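Hi,

Here is the model I promised to pass on. Have a look, and my notes follow underneath.

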Amino acid sequence: MLTYQSIAELIEAAEKEGEKLSRLVLRDQAEQMELSEEELYKRMEESFDVMCEAVRKGQDKNQRSTSGLTGGEGYKMKRYSEETDGGLSGSFMTRAMSRALAVSGCNASMGRIVATPTAGSCGIMPGCLVSLYEDRGFSKKEIVMSMFTAAAFGMVIAHRACIAGAQGGCQAECGSASGMVAASMVELSGGTPKQCADACAIAIGNQLGLVCDPVAGLVEIPCIKRNVSGIMIAFSAADMALSGIASEIPVDECIDSMGEVGRSLPASLRETALGGLASTPTGIRLKEQVFGKQEAGN
Amino acid sequence: MNVFDIIGPIMIGPSSSHTAGAVRLGRVANKVMNNEKPVEVKIELSGSFAHTYKGHGTDRALMAGIMGYHSYSEEIRDALQIAKDRGIHYEFIPTDIPGAHPNTARMHIKGEHGTTCVVEGASIGGGNIRVDYLNGMRVDFTGERNTILVMHYDKPGLIAAVTNLMAEKYRDVNIGNFRLSRPVKGGEAVMTIEIDGMPPKGMIEDMRQIKDVTNVILIRAI
């Protein structure tokens, strides 16, 4: 059985058995949870279906958040992508951005999402995987299987560091999500287990220190846009790893470092809405707009 | 921890602690009411809940849970309207419960047949909850494991009756934690029993048949 204490353990097991990480993880989890592989696959598939549905809902022109602070971002980016033939980043990437915005917006408007690993970073995995599914012709089966790899990486991150903004800042939520999905995209593209680990290491390393500073304490500003940065980092990390660029710092050490940085962040930058963008004059004004003036400073 | 703790839960946004956890707290109250339709709901909100409940939809989430919806039910968004349509009178009261967790709610519920209950608990992050009090009695469970609440009248031999039933008829059940709360001798009391795995079919029903047991509630693990 796997312990999910280190990614080195996962890579070693996959290399030894000559198997994909996702296969290994599915088999192990079925054993540990005392369920059949088919049942686990079905449950994961259901999560992927929810992601696809959240993309569709969040791209609605009239999508607005419960607080009224945000809305319509997924729609705007989709329209821009179509009207400008892909804008600056190209059609594939701008469409992926639209999906990340849409899912994150769906979350802000009390729609149904999959926490991956949390609600704050719920747009990153669908932004990447739904794009590979809808625009790059990967089969649903391949995509759903790759989510087991992402999950295994996430379990190691949760064990060694953390996945909650209140504990480790945004690097623990969006950083973890990017690292997880980067690994799964490398596996989907035919990369080795070691390259999956490199992609995760690069993605986490590139978001190290990112603080959690939600305006008014709401999962909207800057969270929704950070989901877009999250997918850009995930794609670039996966491409780097696939091109043969390795991470000099091994992934487990990157994760430990993320945990360490998280512990050294002041409380004001860990989801308390007391620092960063949340405590800017505009951030405070927006908070007053939603919750009323008497709450300012709380 | 398993893969679905990382890819999941499937939930209604925007926040696992302010929305998903709040629904689960509400669901505890729903189970305590044992299918009796609520007519009056008064919810005290403390700490962060008191300040931010509207923007996070915590009010809708708690009401949705009280009405029996799940943390993945899309009805959460419209829960306050649904409550109105069902003739449930509700009220949210921002307050300060001294010493309570920052995300604490105390729910006072009255049912159509006059049953009342008070559930106090906190959303402690990631959709996890901790239930602190039930009808003023300390219960203190997290819902990480399947939890059985045995509401009963404090009578000699009752703990033995419950645990003997488990030991003799349902031998595979392993108790991970047990707590008895009994504010007044001979009065209303509650056993909090956390078990490994799911309770076998029939066990909850059998427990309900024990004399002086008034209700048995199963709170499933996340």
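In the hairpin of E6(B) and E7(B), which residue takes a positive phi? It is Asn135(B), with a phi near 50 degrees, and the hairpin has two residues between the strands. Helices (H or I, at least four residues) and strands (E, at least two) are DSSP runs, numbered from the N terminus.

Before going on, some housekeeping. This is a predicted model, where local features need pLDDT of at least 70 and side-chain atom pairs count only at pLDDT 80 or more, while totals for chains, interfaces and linings use all residues. Residues are numbered from 1 along each chain as its sequence is written, and chains are lettered from A and ligands numbered from 1 in the order in which they are written.

Back to those strands. E6(B) (residues 128-134) is joined to E7(B) (residues 137-141) by three bridges, and the two run antiparallel. Strands count as paired if DSSP finds at least two bridges between them. On its other pairing, E6(B) shares six bridges with E5(B) (residues 116-125), again antiparallel. Tyr133(B) turns up in both pairings: its partner in E7(B) is Arg138(B), and it is also the bridge partner of Glu120(B). E5(B) and E6(B) form a hairpin too, with two residues between them, and Gly126(B) in that turn has a positive phi of about 65 degrees.

Chain B splits into domain 1 (11-135) and domain 2 (146-219); the bounds come from an automatic or database domain assignment. Their centres, taken over C-alpha atoms, are 25 Å apart. Each domain gives six residues to the contact, where residues are in contact if their C-beta atoms, placed from the backbone, lie within 7 Å. On the domain 1 side, helix H2 (residues 16-32) of chain B supplies the largest share, three residues.

Now the two chains. Their contact takes 26 residues from chain B and 40 residues from chain A. H3(B) (48-56) gives the most to the chain B side, with four residues. That side has twelve nonpolar, twelve polar and two charged residues (Ala, Val, Leu, Ile, Met, Phe, Trp, Tyr, Cys and Pro count as nonpolar, Asp, Glu, Lys and Arg as charged, and the others, Gly among them, as polar). There is strand pairing across the chains as well: E1(A) (residues 112-114) and E1(B) run antiparallel with three bridges, and Ile113(A) stands opposite Met11(B).

The largest nonpolar core has 162 residues. Such a core is a set of buried Ala, Val, Leu, Ile, Met, Phe, Trp, Tyr and Cys residues joined through C-beta atoms within 7 Å. Buried means 20 or more other C-beta atoms within 10 Å of a residue's own, exposed means 12 or fewer, and partly exposed is in between, with C-beta atoms placed from the backbone. Among the members that touch the most others are Cys128(A) and Val181(A). Helix H7 (residues 140-160) of chain A provides the largest share, 13 residues. Both domains of chain B give residues to this core, so it lies between them.

Last, H1(A) (residues 7-17). Its buried residues are Ile7(A), Leu10(A), Ile11(A) and Ala14(A). They cover an arc of only 95 degrees around the axis, which puts them on the same side of the helix; the arc is that of the directions from the helix axis to the C-beta atoms. Glu12(A), Lys16(A) and Glu17(A) are exposed on the face turned away.

Cheers

Notes
Two residues are in contact if their C-beta atoms, placed from the backbone, lie within 7 Å.
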